[in-house]
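Q: Please take a close look at the strands here, at how they pair and at what packs against them. A single connected account, with the cut-offs behind each term, would suit me best.

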Amino acid sequence: MTEQQQSLHNLYLLYEAARRIGRSLDVDRTAQDLADVLVPALGDIATVDIDDAVRAGDEPSKILGGGQLPLRRVAAVRNSGCWSPGFILAGMLTPSLSDRPEIKNLQHGNVLMAFTRAEAIPAAGDFADMMVPLDAHSGMSAPLYVRDLLFGIVTVWRTGSTPVFDRDDRKLLREIVSRAELSVDNARRYTRERHAAVALQQGLLPRASTDTTAAETAGVYLPADRGCDVGGDWYDVIPLSSLRVAFVVGDVIGHGLSASATMGRLRTAVQALADLDLDPGALLTHLDDLVQRLADEADLSRRDVVGATCVYAVYDPVVGRCTIVSAGHPPPAVVTPEGTVDFVDVSPGPPLGVGGMPFEVTEIDLKPGSMLVLYTDGLLNRHNRDVTRGMEWLHDRLEALCDADRPLDDIGRALLGDTSSTPPADDVVVLLARTRTVAAEAVVDWEFPADPSVVAEVRSLTTRQLAAWNLDDLVFTTELVVSELATNAIRYAQGPIRVRLIRDALLVCEVADASNTQPRLCYAHATDEGGRGLFLVAQMTRRWGSRYGRLGKTIWTEQPTHTVYK
């Protein structure tokens, strides 16, 4: 090859390095691209060893001299022929290296001069067969050296009748590797940031499975592929009063740490609003106001991308009814105990942050053993489908997967499919809930006129019912609770009152009336004649609160029974 041809060849090789190296934000992929550029253009064999810490997104180990360097071979390419028996291939750790000047030379960022096989074998010591190809006659090594830190080592070998490496080859290798160093560092930084975003996202999500009187649930979260930033998808299962439970799935607009942080704020807000026992439509209205405030607080460049979709469902196991409201979110699916799959005909309101529109509430009845499926649009778009085709696919998959005896987490993982071959381009969240109902004999419901004389009857009926349920230990406190709540309802409300007792691991006492007056806990002074009722109720029970309905309010209390009823 003439000098001019050699110069053109080197220029082409540098062009190929600039074009091919750094296309991926994955450390291993970048190393493989580097090896592919070097073979066969510069050598017949190329290996790339990277510090495991760098592959995980961290700074490399600061080790000088020989010993067990935490290097792993992530790329090994040869032009032709077979690998030597025992030679280290991709995925394997490199062995301990002897404390020789050549090793320290690499650790200080210097390219090793071209060496022959005979010179390489003593440096490799007992690991010559693993480090030096059997058919190689010469080689050279260059460090991946960034900010005075050794990220890895690149080694090129020549075999057969090809000429040995010279000084020009050494300079060319140094220039190619220097281009790869920035790409490897960029990939490392991206890996670190992505790990942080995924850790934040997963740390903000609740535990995957819950088991309550109302339902057994399983949540599955799959972050986006490495080529995409993590989004702000979330799910939640929130216990409510009177054994009810709320199911939440949401999807924040955008990706990255900002989306994860917004998701955490919205999830906290939903939990706080749910604890107030708000109507589902009112809850999303308050959440919509919050998203609008978050948009106002954001930079001008980001205000248009602050938003979210959300579906919020409240299931009542006493009556087997589910109330669902949606803010621009895909409709939930319901799988009946017989295996029939239907999508809930819920009217989706605008996404959170748009404002100006009410959220319409949809109510459905669920048989015991039904499965409610909530998900984000990442599941529908999993294989580049549009929404319509995605829902058809989900319908067919649920029909095929949903066996009444199959664990929910198995169904969730099966819905995601093979994530190794087809990683998602967007976050995917799936929340599965298999519903239950409270036995009819575990619920009693009475209605009384608003007359003070009925309080004695309320106490008497309560005592007899607790005796029938073998809860004699709770008679004294429960009599006090229902007596106080019924007295307050009769005194301040109009129309009849309703008293309901629900037996489970908790004894739930409810007193409902037609008034919308919010009860307040008072701290009475020593000379006050009243004001101690709710204070005593709070002291005698584990929790208490109130919730509004379409006609009036309900005051509820919970007391542990130390017995689980299913």
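A: Two strands are said to pair if DSSP finds at least two bridges between them, and the strands (E, at least two residues) and helices (H or I, at least four) are DSSP runs numbered from the N terminus. The model is predicted, so to speak of local features requires pLDDT of at least 70 and of side-chain atom pairs 80 or more, whereas totals for chains, interfaces and linings use all residues. Residues are numbered from 1 along each chain as its sequence is written, and side-chain values use heavy atoms, with hydrogens and water left out.

With that in place, five strands make up an open sheet with antiparallel pairing, and their order is β2-β1-β5-β4-β3. At its edges lie β2, residues 71–78, and β3, residues 115–116, each of which pairs on one side only. Inside this sheet, β1 (residues 45–51) runs antiparallel to β5 (residues 149–159), and six bridges join the two strands; Val 48 faces Val 154 of β5 across this pairing.

Two helices lie across this sheet, contact being heavy atoms within 4.5 Å. Helix α2, residues 27–38, crosses β1, β2, β4 (136–146) and β5, and its direction makes an angle of about 35 degrees with β2; such angles run from 0 to 180 degrees between N-to-C directions of lines fitted to C-alpha atoms, for helices over the stretch in contact. Helix α7, spanning residues 167–204, lies across β4 and β5 and runs at about 40 degrees to β4.

A sheet of six strands is also open and antiparallel in its pairing, in the order β6-β7-β16-β15-β12-β13. Its edge strands, β6 (209–211) and β13 (341–343), each pair on one side only, and from one strand to the next the twist averages 15 degrees. Here β7, residues 215–222, pairs with β16, residues 428–435, in the antiparallel sense over eight bridges, and Leu 222 has Val 428 as its bridge partner in β16. Helix α11 (residues 387–401) lies across β12 (333–335), β13 and β15 (371–375), and runs at about 150 degrees to β13.

One further strand is tied to a helix through its side chain: Asp 236 forms a salt bridge with Arg 267, at 2.7 Å from N to O, where the term means a side-chain nitrogen of Lys or Arg within 4 Å of a carboxyl oxygen of Asp or Glu. Asp 236 belongs to β8 (residues 232–239) and Arg 267 to helix α8 (residues 257–275), so that this pair, 31 residues apart, links distant parts of the chain. Across the whole structure, 33 salt bridges are found.
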